[in-house]
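This report looks at charged pairs and nonpolar packing in a single protein chain. The sequence and the structure come next, followed by the details.

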Amino acid sequence: MSSSSSHQIKKRDNANDVFITPLELAKKAIDMVDYQENFVWYDPFKNSGSYYNQFPSECEKEWSEILDGKDFFEFDKDIDVICSHPPYSMLDKVIQKSIELKPSTINYLIGINNLTARRIEMLNKAGYGLTKIHMCKVWKWYGMSIIVQFEYDKENIISFDRNIWRE
């Protein structure tokens with residue numbers, strides 16, 4: 001992709017962030033979560049239900065879907081796990097709202113280039129550590145994707161710095 005094409009995608013007026021997660025990949029994300037039977041699971045971007053429909057049957061489930069009139073940014077219930085595929089065009093806002101909901105686990109499928117030191121720090125400052133990463137490639141999606149899992153009161157499994165290194 002040329003830098004001009006990349007710029008056009010980033011600066012477009014209408015984001016096209018609706019990408020349906022393959023069922024098997026959504027199940028992979030769900031299986032990454034260490035959960036208990038009494039946990040409340042939440043899919044903030046339900047769409048076709050790739051995640052929601054596969055959440056553990058013994059757990060309570062909540063969902064939002066803007067296309068069905070249930071806005072994630074208005075959701076305000078107690079939950080234990082967020083597991084979904086958020087729109088990349090508003091990822092910072094999604095992360096902030098996720099932190100405000102105070103779940104024990106935040107598990108999102110994102111583009112690999114969307115996992116930045118700044119976003120990890122945002123979650124770290126709120127008490128969440130990056131505990132699991134799974135790299136994957138979805139046919140027709142641009143570049144590699146990753147499932148990232150952040151857990152409250154846990155340490156990062158990676159180290160990083162934001163220094164600008166020079167010779």
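Which side chain meets that of Lys 77 in a salt bridge? In this predicted model, the partner is Glu 62, with an N to O distance of 3.3 Å.

## The pair of Lys 77 and Glu 62

Lys 77 is placed in the loop between strand E2 (60-63) and strand E3 (81-84), while Glu 62 belongs to strand E2, so their salt bridge ties together parts that are 15 residues apart in sequence. The two partners also have their own accessibility values: Lys 77 is partly exposed, at a relative accessible area of 46%, whereas Glu 62 is buried, at 13%.

## A network around Asp 92

Across the whole structure, six salt bridges are found. Asp 92, Arg 118 and Arg 119 are linked in a network of such bridges: the side chains of Arg 118 and Asp 92 meet at 2.8 Å, N to O, and Arg 119 bridges to Asp 92 with the closest N and O atoms 2.7 Å apart.

Because Arg 119 lies in helix H4 and Asp 92 in helix H3, their pair ties together parts of the chain that are 27 residues apart in sequence. Arg 119 counts as buried, with 13% relative accessibility, but Arg 118 is partly exposed at 37%, and Asp 92 is partly exposed at 28%.

## A buried lysine without a salt bridge

Lys 97, which lies in helix H3, is buried yet has no salt bridge, and the nearest side chain of opposite charge, that of Glu 100, is 4.4 Å away. Since the cut-off for a salt bridge is 4 Å between a side-chain nitrogen and a carboxyl oxygen, that distance of 4.4 Å does not qualify. When neighbours within four places in sequence are left aside, Lys 97 is in contact with Phe 72, Phe 73 and Phe 75.

## Nonpolar cores and a surface patch

The largest nonpolar core has 23 residues, and those with the most contacts inside it include Phe 72, Ile 79 and Leu 101. Among the elements that give two or more residues to this core are helix H3 (91-101), strand E4 (105-111) and helix H4 (117-125), and the largest share, five residues, comes from H3. Not counting residues up to four places away in sequence, Ile 79 touches Val 40, Tyr 42, Leu 101, Lys 102 and Pro 103.

On the surface, a nonpolar patch of about 550 Å² is made by residues including Ile 112, Ile 133 and Phe 160. Ile 112 is found in the loop between E4 and H4, and Ile 112 is partly exposed, with a relative accessible area of 30%.

Key. Residues are numbered from 1 along each chain as its sequence is written. This is a predicted model: local features need pLDDT of at least 70, side-chain atom pairs count only at pLDDT 80 or more; totals for chains, interfaces and linings use all residues. Side-chain values use heavy atoms; hydrogens and water are left out. A nonpolar core is a set of buried Ala, Val, Leu, Ile, Met, Phe, Trp, Tyr and Cys residues joined through side-chain atoms within 4.5 Å. Buried means under 20% relative accessible area, exposed over 50%, partly exposed in between (1.4 Å probe, protein chains only). Helices (H or I, at least four residues) and strands (E, at least two) are DSSP runs, numbered from the N terminus. Contact means heavy atoms within 4.5 Å. Patches are made of residues with over 30% relative accessible area and no salt bridge: like charges are joined within 9 Å, nonpolar side chains (Val, Leu, Ile, Met, Phe, Trp, Tyr) within 5 Å. Accessible areas come from the Shrake-Rupley method with a 1.4 Å probe; for residues, only the protein chains shown count as cover. Lys and Arg count as positive and Asp and Glu as negative; His and the chain ends are not counted.
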